[in-house]
Amino acid sequence: SAMSERSDEEIVEVELENSPNHEIRSTPEPIRIRGIGRMTVFGLNNKFNADYLSNLTGKIASEEFDATIGRINSYLGRTVPLNIRWLLCGVLCCCCTAGCSLLPVVYLNKRTRARVDKALSWENGRLYHKLGFHWRLGKEQSADSNLKEYVLLIEFLPKEDIYRPD
């Protein structure tokens, strides 16, 4: 019969999937923190909203949230204005250099994003993964235009079912 052709592992898995205790857990939508600064270069803003979000109450301490946002905003506050200066120089010299003068600002913006990602990765490993969160820099459609912008996303990690057998 068809049942005897299956291995024991397949039968156990089918039984788990059909059991009433097996629930599919969905994770909530990620929390979005939008840029609120005055300067934006290639979708990356120089400051993210530092207000503590009410839906994080009881999950993340406001001090930890403030420290993380403060680190990110401090770095962006130093680098994005520099990127804008390079962009202005690149635009002024664009005709003479056949567009090559814009390459430094593209590289600097890429480096800024990589450093923000590295800082968020360090924060995740230090604290947030233990609390069931994952911070990352995501690119989304801007609410007021057709342009893309970078936002901080706080994703909820799925809780592991400790009662489910291996």
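Helices (H or I, at least four residues) and strands (E, at least two) are DSSP runs, numbered from the N terminus. These legends describe a predicted model, where local features need pLDDT of at least 70 and side-chain atom pairs count only at pLDDT 80 or more, while totals for chains, interfaces and linings use all residues. Residues are numbered from 1 along each chain as its sequence is written, and side-chain values use heavy atoms, with hydrogens and water left out.

**View A. Here is the whole chain before we zoom in.**
You can pick out five helices and five strands. Trace the sequence and they come in the order α-α-β-β-β-α-α-α-β-β. The chain has 166 residues, and 28% of them count as buried (buried means under 20% relative accessible area, exposed over 50%, partly exposed in between, with a 1.4 Å probe and protein chains only). Take the contacts (heavy atoms within 4.5 Å) between residues at least 6 apart in sequence: 55% of these join residues at least 24 apart.

**View B. Phenylalanine 42 sits in a loop between two strands.**
The loop in question runs between strand 2 and strand 3. Look at the backbone here: phi of phenylalanine 42 is near 50 degrees, which is positive even though this residue is not a glycine. Its relative accessibility is 46%, so phenylalanine 42 counts as partly exposed.

**View C. Methionine 39 is in the loop between strand 1 and strand 2.**
With a relative accessible area of 25%, methionine 39 is partly exposed. What does methionine 39 contact, leaving aside neighbours within four places in sequence? The list is Leu44, Asn45, Asn46, Val80, Pro81 and Ile84. Glycine 77 is 38 residues away from methionine 39 along the chain, yet their C-alpha atoms are separated by just 9.3 Å.

**View D. Helix 5 has a kink.**
Helix 5 holds 29 residues, so at 1.5 Å a residue it should span 42 Å, and its end C-alpha atoms, 40 Å apart, agree with that (the expected span is 1.5 Å times one less than the number of residues). Find asparagine 124 and you have found the centre of a kink of about 60 degrees; the bend at a residue is the angle between axes fitted to the seven residues ending there and the seven starting there. Asparagine 124 is also one of the buried residues of helix 5, along with others including Val105, Leu108, Thr112, Val116, Leu120 and Leu127. Among the elements covering the buried residues of this helix are helix 3, strand 4 and strand 5. Just after helix 5 comes glycine 132, with a positive phi near 90 degrees.

**View E. Strand 5 has partners to look for.**
Two strands pair if DSSP finds at least two bridges between them. Strand 1 and strand 5 run antiparallel and are joined by three bridges, with arginine 32 standing opposite leucine 153. Strand 4 and strand 5 are also antiparallel, joined by nine bridges. Here histidine 134 faces glutamate 155, and a hairpin of six residues takes you from strand 4 to strand 5. Strand 5 is mostly covered, as seven of its nine residues are buried.

**View F. Now for the aromatic pairs.**
There are four aromatic pairs in the structure. One is tyrosine 128 with tryptophan 135, a tilted pair at 5.1 Å centre to centre, with 35 degrees between the planes. (Rings of Phe, Tyr and Trp, using its six-membered ring, pair if their centres lie within 6.5 Å; planes under 30 degrees apart count as stacked, over 60 as edge-to-face and the rest as tilted.) Tyrosine 128 has 0% relative accessibility, so it counts as buried, and tryptophan 135 counts as buried because its value is 1%. Phenylalanine 133 and phenylalanine 156 make another tilted pair, 5.2 Å centre to centre and 55 degrees between the planes. This pair ties together distant parts of the chain: phenylalanine 133 is in strand 4 (residues 133-141) and phenylalanine 156 is in strand 5 (residues 148-156), 23 residues apart. Both phenylalanine 133 and phenylalanine 156 are buried. Tyr52, Phe65, Tyr128 and Trp135 group into one aromatic cluster.

**View G. Finally, peek into the largest nonpolar core.**
A nonpolar core is a set of buried Ala, Val, Leu, Ile, Met, Phe, Trp, Tyr and Cys residues joined through side-chain atoms within 4.5 Å. This one has 25 residues, and Ile33, Phe65, Trp135, Leu137, Leu152 and Ile154 touch the most other members. Strand 1 (31-33), helix 3 (62-92), helix 5 (103-131), strand 4 and strand 5 each give two or more residues to this core. Helix 3 supplies the largest share, six residues. Zoom in on isoleucine 154 and, skipping residues up to four places away in sequence, you'll see it touching Pro30, Ile31, Ile33, Leu56, Phe65, Phe133, His134 and Trp135.
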